[in-house]
Amino acid sequence: AGVDAVLVRTPSFFKPQMTTDAFVQHYTDVAEASPVPVLLYNVTMFTGVSLAPEAVERLGVHPNIAGMKDSGGDIGLLSEFIHRTPDDFAVLSGSAATLVHALAAGCDGAVLALAAIVPDACVQMRTLLDEGRLAEARALQRRLMPLARSIGSGHGVPGLKAALELMGFACGRPRPPLRPVTPQVVELIRGQLVACAAI
């Protein structure tokens with residue numbers, strides 16, 4: 001289909017067997033079979049398992065593993081991933097609620113639902129940090145936090161769809177078993193969008 005890379009989440013069904021060795025073997029097999037580069041995807045709140053820094057360190061040298069997305073929001077763990085991997089291994093944040101902290105810790109960038117709504121603000125945060133304007137970056141993070149939480153851990157995909165619908169995009173209903181957010185949540189998100197100058 002023309003993709004540049006694939007984002008591959010951690011397997012998680014047999015949690016007790018999801019050891020560092022199992023993850024390293026799994027991702028090595030996927031990377032060696034993939035015609036495009038692979039990005040590891042650590043999303044513990046949904047899978048219940050987490051890649052250990054040792055696993056990421058071992059996988060970080062594979063020629064077809066280009067980086068990772070970590071959505072945990074644990075800045076200490078994220079820093080460990082950055083420290084243990086080569087400079088050309090991209091470490092990306094998946095948590096908008098901790099974006100300023102992740103970027104300050106050395107993340108290469110981010111993959112965020114929030115960027116679908118306020119892409120300019122997400123880019124601005126990186127620019128502010130690059131320019132050494134930490135207080136302004138932190139103030140922007142505080143302004144974006146309520147919306148980031150509503151479309152992230154708070155209401156997830158239904159919240160994101162509601163926000164995009166309010167912005168004029170036809171997104172349709174969430175796939176079952178997810179349900180649309182309530183009218184009260186729609187109004188909450190509307191206020192958050194106004195506060196972020198998204199509508």
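## Basis

Two strands count as paired where DSSP finds at least two bridges between them. Helices (H or I, at least four residues) and strands (E, at least two) are DSSP runs, numbered from the N terminus.

The model is predicted, with local features needing pLDDT of at least 70 and side-chain atom pairs pLDDT 80 or more, while totals for chains, interfaces and linings use all residues. Residues are numbered from 1 along each chain as its sequence is written, and side-chain values use heavy atoms, without hydrogens and water.

## Strand β3 and its partners

In β3 (residues 65-70), five of the six residues are buried (under 20% relative accessible area, 1.4 Å probe, protein chains only), so the strand is largely enclosed by the rest of the structure.

Strand β2 (residues 38-42) runs parallel to β3, joined by five bridges, and Asn42 stands opposite Asp70 of β3. Strand β4 (residues 90-93) is also parallel to β3, through four bridges, with Lys69 opposite Leu92 of β4. Between β3 and β4 the chain passes through helix α4 (residues 75-84) in a right-handed β-α-β crossover (clockwise from the first strand over the helix to the second, with the strands pointing away from the viewer).

## The largest pocket

A pocket is an open set of points on a 1 Å grid over the protein atoms alone where a 1.4 Å probe fits, with protein on both sides within 12 Å along at least five of seven lines; lining residues have an atom within 4 Å of a point. The largest pocket has a volume (space filled by probe spheres set on the points) of about 660 Å³.

Its lining comprises 28 residues, with Met45, Gly94, Ile151, Gly152 and Ser153 nearest the centre. Helices α2 (44-47), α7 (134-154) and α8 (156-166) each contribute at least two lining residues.

Notes. Buried < 20%, exposed > 50% of the residue type's maximum accessible area, 1.4 Å probe, protein only.
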